[in-house]
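Got the viewer open? Set it to cartoon, keep side chains one click away, and follow along stop by stop.

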Amino acid sequence: MGFTAAIAGASGYAGGELLRILISHPSIEIGALTAGGNAGTRLGEHQPHLLPLADRVLTETTADTLAEHDVVFLALPHGQSKEIAERLGEGVLVVDCGADFRLSDPAAWERFYGSPHAGTWPYGLPELPGGREALAAASRIAVPGCHVTTATLALLPALAEDLVRPDVVVVAVTGTSGAGKAPKPHLLGSEIMGSVAPYGVGGTHRHNPEIVQNLSAIAGTAVTLSFTPVLAPMPRGILATCSAPVNPGVTEDRVRDAYRRRLSAEPFARLLPEGTWPTTAMTLGANTALIQATVDEAAGRLVAIAALDNLTKGTAGGAVQSANIALGLPETTGLPVAGLAP
């Protein structure tokens, strides 16, 4: 059975990555491509690498255009999904790559995003306990933030197996595509090249409450988090170093066993061989999160490191993975596991 999909925000980075994946998807046909200010232009002007679709003309993002499809992927700025989604019937699967429906706490949304809370949708991270069940036959899906996916997968086995205390530190190095395609002075080549810069320091990054939400649900208790994102001079990728104090009696062998057991059946969250550490280069273009963990005995802390491509597993690939489940397709359909090298 085939499905048709529309992509709203097709000229942006997330929209382009969705199209790159869907071009090769055997069960989803690409329908309308919409945009805001770029409506009326050729897709090839904005996504020249998508040669099979280069001559397609972007149309305005309207509910009437999107409603003609089985699946609608929203790759829109935060705050713009609610109005569109409200006008699409329950028979349309809507997958939101923005933040609008990720948080369950209205107060946290209003604090970090400064607007009324739009509600909460089934969460598009299948690897979470109960995640696949929540997505099966869902008609609305909220795709996680890219930093959130990285930190959650890195720490999931440790918190689920009660290996650590719920006091987490995450430092995540990320590429510039996570900031979107709109021109920003601090992302100019002359500003970013040769420099590494922290941002969103002191618990102010918008992914902070979402990471806490996920980790607390896994742990079954409130988790405290110190999260520092760091901007690096690369276009894509995230490398997150996550740590927490180990509980008494937790050994390196126990950590290894827990991570192997929790990740062995996951198609897109892979534990690397012992002694091999993730790099962003390993994940480019692939829908994989690569993970390694150890115990720093001198510090009494578990250290888990995860890498992924923020545009693939961190956004568009995660969106397609979740949509596959909701549509009743094999979860891995159309998703790449091999990265690009060198």
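Start at the beginning of helix 4 and show the side chain of Asp 105: one of its side-chain oxygens comes to within 3.0 Å of the backbone nitrogen of Ala 107. Keep in mind as you zoom in that this is a predicted model.

Now select the whole of helix 4, residues 106-113. Which of its residues are buried? Ala 108, Trp 109, Phe 112 and Tyr 113 are. They sit on the same side of helix 4, because they cover an arc of only 100 degrees around the axis. Bring up helix 8 (208-219) as well, since that is what the buried residues of helix 4 pack against. Spin round to the face of helix 4 turned away from the buried side and you meet the exposed residues Ala 107 and Arg 111. Before leaving, click on Gly 114, just after helix 4, where phi is positive at about 70 degrees.

**Next stop: the seven-stranded sheet**

Colour the strands of the open sheet that runs in the order 8-9-7-10-13-12-11, with mixed pairing. Strand 8 and strand 11 (269-271) are the edges; each has a single partner strand, so one side of each is left without a neighbour in the sheet.

Zoom in on strand 9 (residues 224-231), which runs parallel to strand 7 (residues 167-174) and is joined to strand 7 by eight bridges. Asp 167 stands opposite Thr 224, and further along Val 173 has Val 230 as its bridge partner. Stay on Val 230 and look for strand 8: there Pro 198 stands opposite Val 230. Strand 8 (residues 197-198) and strand 9 run antiparallel, joined by two bridges.

Switch the helices back on. Helix 6 (residues 146-160) lies across strands 7, 9, 10, 11, 12 and 13, running at about 140 degrees to strand 13. Helix 9 (residues 252-263) lies across strands 11, 12 and 13, at about 160 degrees to strand 12.

**Into the cores**

Which residues have the most contacts inside the largest nonpolar core? Select Val 170, Tyr 259 and Leu 302; the core itself has 42 residues. The elements giving two or more residues to this core are helices 6, 8 and 9 along with strands 7, 9, 10, 12 and 13. Helix 6 gives the most, with nine residues.

Centre on Leu 302 and show what surrounds it. Beyond its close sequence neighbours, Leu 302 is in contact with residues including Leu 155, Ala 158, Cys 242, Val 255, Tyr 259 and Val 295.

There is also a second, separate core of 37 residues, which includes Phe 3, Leu 22, Leu 50 and Leu 329.

**Across to the six-stranded sheet**

Select the open sheet whose strands come in the order 3-2-1-4-5-6, with parallel pairing. The edges here are strand 3 and strand 6 (140-142); each has a single partner strand, so one side of each is left without a neighbour in the sheet. Follow strand 6 to its partner: strand 5 (residues 93-96) pairs with strand 6 in the parallel sense over three bridges. To see one of these pairings, pick Val 94, whose bridge partner in strand 6 is Arg 140. Helix 10 (residues 312-326) packs on this sheet, touching strands 4, 5 and 6, and its direction makes about 160 degrees with that of strand 5.

**Last stops: two loop residues**

Find His 25 in the loop between helix 1 (13-22) and strand 2 (28-35). Is His 25 buried or exposed? His 25 counts as buried because its relative accessibility is 5%. Draw a distance from its side chain to that of Asn 324 and you get a polar contact of 2.9 Å. Other contacts of His 25 from beyond its close sequence neighbours include Val 320, Leu 329, Thr 333 and Gly 334.

Finally, go to Leu 53, in the loop between strand 2 and strand 3 (59-60). Leu 53 counts as buried too, because its relative accessibility is 8%. Show Leu 19, Ile 23, Ile 30 and Leu 43, which Leu 53 touches. Then zoom out and draw one long line back to Asp 167: the C-alpha atoms of Leu 53 and Asp 167 are separated by 47 Å, with the two residues 114 apart along the chain.

Key
Residues numbered from 1 in each chain as written. Predicted model: local features only at pLDDT ≥ 70, side-chain atom pairs only at ≥ 80, totals over all residues. Heavy atoms only, no water. Helix = DSSP H or I, 4+ residues; strand = E, 2+ residues; numbered from the N terminus. Buried < 20%, exposed > 50% of the residue type's maximum accessible area, 1.4 Å probe, protein only. Polar contact = N/O pair within 3.5 Å; in protein donor to acceptor, adjacent residues only side chain to side chain. Contact = heavy atoms within 4.5 Å. Pairing = 2+ DSSP bridges. Axes fitted to C-alpha atoms, helices over the stretch in contact; angles between N-to-C directions. Arc of directions from axis to C-beta. Core = buried A, V, L, I, M, F, W, Y, C linked by side-chain atoms within 4.5 Å. Lists of a residue's contacts leave out its neighbours within four places in sequence.
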